[in-house]
Amino acid sequence: MVLRRKALLGVAAAAAMASTLAPGAGGTAAAVGDPVGASARAPGGAAGVRNIAPEADVSHHGHVSLWGYGLGIWLRSENRGPSDLAGVTVRVRTSVPLAPRQELPRECLRAGRSTVLCRTGALRADGSAPWQLALELRLAGRPAEVVVRIDTVWNGGATDRNAKNSEHEVLAPATGDEYVF
């Protein structure tokens, strides 16, 4: 039987839709053209099935403190699954530009005048191995207050249905007090 490319694409699309809508499929589908059992083991442990997109629940919590030229950020990131993540990139943005020279932890890099990106490393789905960071940034000036925005920029392509617990905006007056997020 000879199939034209257009017909083959239609068959592949129909097979993919049918496998995701099949009862008991659990939101996963076998790769089109991949015999059952030949697929790599899925993170959930089922042989022969691949996840279309992993799902995770990444959260960031901690506190921010502003004093003089210094801004301290203490951050705890974790994942409540259902899929493990190889790593996450956390973005920290400030409303005030950072001083030109910064001494950053090795897992962080400067990404602009007021932005720092940090990689977490692996985050288990059960939250048992959270990533923690103490970041001390120097500001270009001595502001009376600063707004700090923290969010997830990259999570390996996982779907996060509760992104609000990984997106924070904190106003920190220059009192030296800790402002929790």
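These legends walk through several close-up views of one predicted model.

**View 1. The whole chain, for getting your bearings.**
Before zooming in, let's take stock: the chain has one helix and nine strands. Follow the sequence from its start and you meet the pattern α-β-β-β-β-β-β-β-β-β. Buried residues make up 37% of the 181 residues. Look at contacts between residues at least 6 apart in sequence, and 66% of them join residues at least 24 apart.

**View 2. How far to trust the picture.**
The mean pLDDT of the chain is 80, and 72% of the residues reach 70 or more. Over residues 1-43, though, pLDDT stays under 50. The model has 30 contacts beyond four places in sequence for that stretch. Where pLDDT is low, don't read the predicted coordinates in detail.

**View 3. An open sheet of four strands.**
Here the strands line up in the order 6-2-1-9, with antiparallel pairing, and the sheet is open. Which strands stand at the edges? They are strand 6 and strand 9 (179-180), and each has a single partner strand, so one side of each is left without a neighbour in the sheet. As a bit of background, strands of a sheet pair through backbone hydrogen bonds.

**View 4. Strand 2 and its two partners.**
Strand 2 covers residues 70-79, and eight of its ten residues are buried. Its antiparallel pairing with strand 1 runs over ten bridges, while the antiparallel pairing with strand 6 (residues 131-138) runs over eight. Try picking out Leu71 in strand 2: Leu66 stands opposite Leu71, and in strand 6 the bridge partner of Leu71 is Leu137. Another pair to look for is Val64 with its bridge partner Ile73 in strand 2.

**View 5. The turn between strand 1 and strand 2.**
These two strands make a hairpin with two residues between them. Keep an eye on Gly68, which takes a positive phi near 50°. For context, most residues other than glycine have a negative phi.

**View 6. A cis peptide bond after strand 2.**
Now move to the loop between strand 2 and strand 3 (89-94), where you'll find Pro82. A cis peptide bond joins Gly81 and Pro82, with omega about 20°. Most peptide bonds are trans, by the way.

**View 7. Asp57, a buried charge without a salt bridge.**
Asp57 lies in the loop between helix 1 (5-21) and strand 1 (58-67). What is the nearest side chain of opposite charge to Asp57? That's Arg80, but Arg80 is 7.0 Å away, and buried Asp57 has no salt bridge. The cut-off for a salt bridge is 4 Å between a side-chain nitrogen of Lys or Arg and a carboxyl oxygen of Asp or Glu. Leaving aside neighbours within four places in sequence, Asp57 is in contact with Glu78, Asn79, Arg80, Gly81, Asp160, Asn162 and Asn165.

**View 8. The disulfide of Cys108 and Cys118.**
The model's count comes to one disulfide, formed by Cys108 and Cys118, whose sulfur atoms are 2.0 Å apart. Cys108 sits in strand 4 (residues 108-112) and Cys118 in strand 5 (residues 115-119), ten residues apart. Are these two cysteines buried or exposed? Both Cys108 and Cys118 are buried. Why is the disulfide right-handed? The torsion about the S-S bond is about 110°, so this disulfide counts as right-handed.

Notes: Residues numbered from 1 in each chain as written. Heavy atoms only, no water. Buried < 20%, exposed > 50% of the residue type's maximum accessible area, 1.4 Å probe, protein only. Lys, Arg positive; Asp, Glu negative; His and termini not counted. Contact = heavy atoms within 4.5 Å. Pairing = 2+ DSSP bridges. Disulfide = S-S within 2.5 Å. pLDDT = per-residue confidence, 0-100.
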